[in-house]
Every structure is written in C-alpha cells, then in structure tokens.
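Here are my notes for anyone opening this one for the first time. Have the structure beside you as you read.

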Amino acid sequence: MTISKIVYEQALRDGIKVFQDAIGRADVPLHTFEIFLSISEKTPPTTEELKKLFPSLSHSSVSRNIQILTGTSNTRKDGGFPLCEYVVDPKDRRYKFIHLTKLGKDVRESIYANGTSLS
C-alpha cells in the first residue's frame with residue numbers, strides 16, 4: 001500500500017514534533033530522527049547495517065548521529081540523548097548492535113501513540 005506524499009510528510013512532521021517534545025529539545029537533526037526510527041523499527045541493527053540504510057550519508061555522519069542517540073556525542077555540548085545503547089555481539093565482538101534504552105522505547109511509543117505511522 002502506498003501513501004500519498006502529503007500524508008507521509010504530515011506523519012513525518014508529527015513524528016518529529018513528538019520526538020522533539022519527548023526529549024525536550026527542538027534542535028535535533030532530521031537525520032538523527034530518521035536513524036532513530038530505523039533503529040526502533042528493526043530488530044537491533046548494527047552500525048554497519050545503519051550505514052547501508054543511509055547511503056546518502058557519509059559513514060562518519062551516521063556514526064555521529066548514532067552517538068547523539070546514545071548520549072556519547074562529543075560534537076554536542078549536552079552529549080546527546082540516551083535513547084539507544086551499544087550492545088556487543090557475543091558471537092563476534094567486532095560488531096555492536098544498537099538497542100533502544102527504556103527512554104528510547106518510551107519515545108518510540110509516544111511517537112506511535114500519537115498516530116504517527118510512516119508505513
């Protein structure tokens with residue numbers, strides 16, 4: 001099922017507003033929101049999988065946005081938001097999965113509870 005561009009754009013605007021309200025910040029880059037949605041809609045992805053999902057972004061940009069979402073950013077004075085966390089793959093320690101924290105799950109639920117659905 002396809003949705004119209006207007007419906008998609010409105011759902012995106014609504015979702016961003018709920019996201020900004022939930023974390024108490026309005027200065028969140030759109031890419032950070034998009035990466036958060038990707039993390040929240042999949043089984044926990046690895047950093048490499050996220051880089052493949054966003055081919056228009058450089059690898060360093062994806063990494064910076066993940067750092068914002070894990071609260072480990074050194075490019076933001078506030079360090080970012082603890083919405084996600086890295087979990088090392090026990091089968092191969094070279095890979096890290098990105099899981100939502102309790103706060104991240106609450107933010108995801110707020111977005112979808114407000115009727116935002118991009119699918």
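1. Let's start with a small puzzle: is T101 buried or exposed? This is a predicted model, and in it T101 has a relative accessible area of 16%, so it counts as buried, the cut-off being under 20%. T101 sits in the loop between β2 and α5. Setting aside neighbours within four places in sequence, T101 touches P82, L83, C84 and E85.

2. Follow one of those partners, L83, and you reach the core. The largest nonpolar core holds 24 residues, and F19, I35, F36 and L83 have the most contacts inside it. Two or more residues come from each of α1 (5–23), α2, α4, β2 (96–100) and α5. The top contributor is α2, with five residues. As general background, nonpolar side chains in soluble globular proteins tend to be buried together.

3. L83 is worth a click of its own. Beyond its neighbours within four places in sequence, L83 is in contact with F19, I23, F36, L69, H99, L100, T101, L103, G104 and V107. Notice that T101 from the opening point is in that list, as are F19 and F36.

4. Now for the helices. A packed pair is described by the angle between the two axes and the distance between them. For α1 and α2, the axes come within 11 Å and cross at roughly 95°, and the two are therefore roughly perpendicular to each other. On the α1 side the contact uses L12, G15, I16 and F19, while α2 brings L30, F33 and F36. By type, that contact has six nonpolar residues, one polar and no charged.

5. What angle do α2 and α5 make where they pack? Helix α2 (residues 30–41) and helix α5 (residues 102–113) meet at about 100°, with axes 11 Å apart, which makes this pair roughly perpendicular. F33, F36, L37, S40 and E41 of α2 face G104, V107, R108, I111 and Y112 of α5. The mix here is six nonpolar, two polar and two charged residues.

6. S40, one of the α2 residues in that contact, deserves a closer look. S40 has 9% relative accessibility, so it counts as buried. Its side chain has a polar atom 3.0 Å from the backbone oxygen of L37. Apart from neighbours within four places in sequence, S40 is in contact with L100 and R108. K52 lies twelve residues from S40 along the chain, and their C-alpha atoms are separated by 16 Å.

7. T70 makes a nice companion to S40. T70 belongs to helix α4 (residues 59–70), and its 11% relative accessibility is why it counts as buried. A polar atom of the T70 side chain lies 3.1 Å from the backbone oxygen of Q67. Leaving out neighbours within four places in sequence, T70 contacts F81, P82, C84, E85 and Y86. P82, C84 and E85 also turn up among the partners of T101.

8. Last stop: L50, in helix α3 (residues 47–53). With 0% relative accessibility, L50 counts as buried. Setting aside neighbours within four places in sequence, L50 is in contact with I35, S38, I39, P45, V62, I66 and I98. One of these, I35, is among the residues with the most contacts inside the largest nonpolar core. As for D92, it is 42 residues from L50 in sequence and 18 Å away, C-alpha to C-alpha.

Technical notes:
Residues are numbered from 1 along each chain as its sequence is written. This is a predicted model: local features need pLDDT of at least 70, side-chain atom pairs count only at pLDDT 80 or more; totals for chains, interfaces and linings use all residues. Side-chain values use heavy atoms; hydrogens and water are left out. Axes are lines fitted to C-alpha atoms, for helices over the stretch in contact, and angles run from 0 to 180 degrees between N-to-C directions. Helices (H or I, at least four residues) and strands (E, at least two) are DSSP runs, numbered from the N terminus. Angles under 35 degrees count as roughly parallel, over 145 as roughly antiparallel, 65 to 115 as roughly perpendicular and the rest as oblique. Contact means heavy atoms within 4.5 Å. Ala, Val, Leu, Ile, Met, Phe, Trp, Tyr, Cys and Pro count as nonpolar, Asp, Glu, Lys and Arg as charged, and the others, Gly among them, as polar. Buried means under 20% relative accessible area, exposed over 50%, partly exposed in between (1.4 Å probe, protein chains only). A polar contact is a pair of N or O atoms within 3.5 Å; within protein, one must be able to donate a hydrogen and the other to accept it, and residues adjacent in sequence count only if both atoms are side-chain atoms. A nonpolar core is a set of buried Ala, Val, Leu, Ile, Met, Phe, Trp, Tyr and Cys residues joined through side-chain atoms within 4.5 Å.
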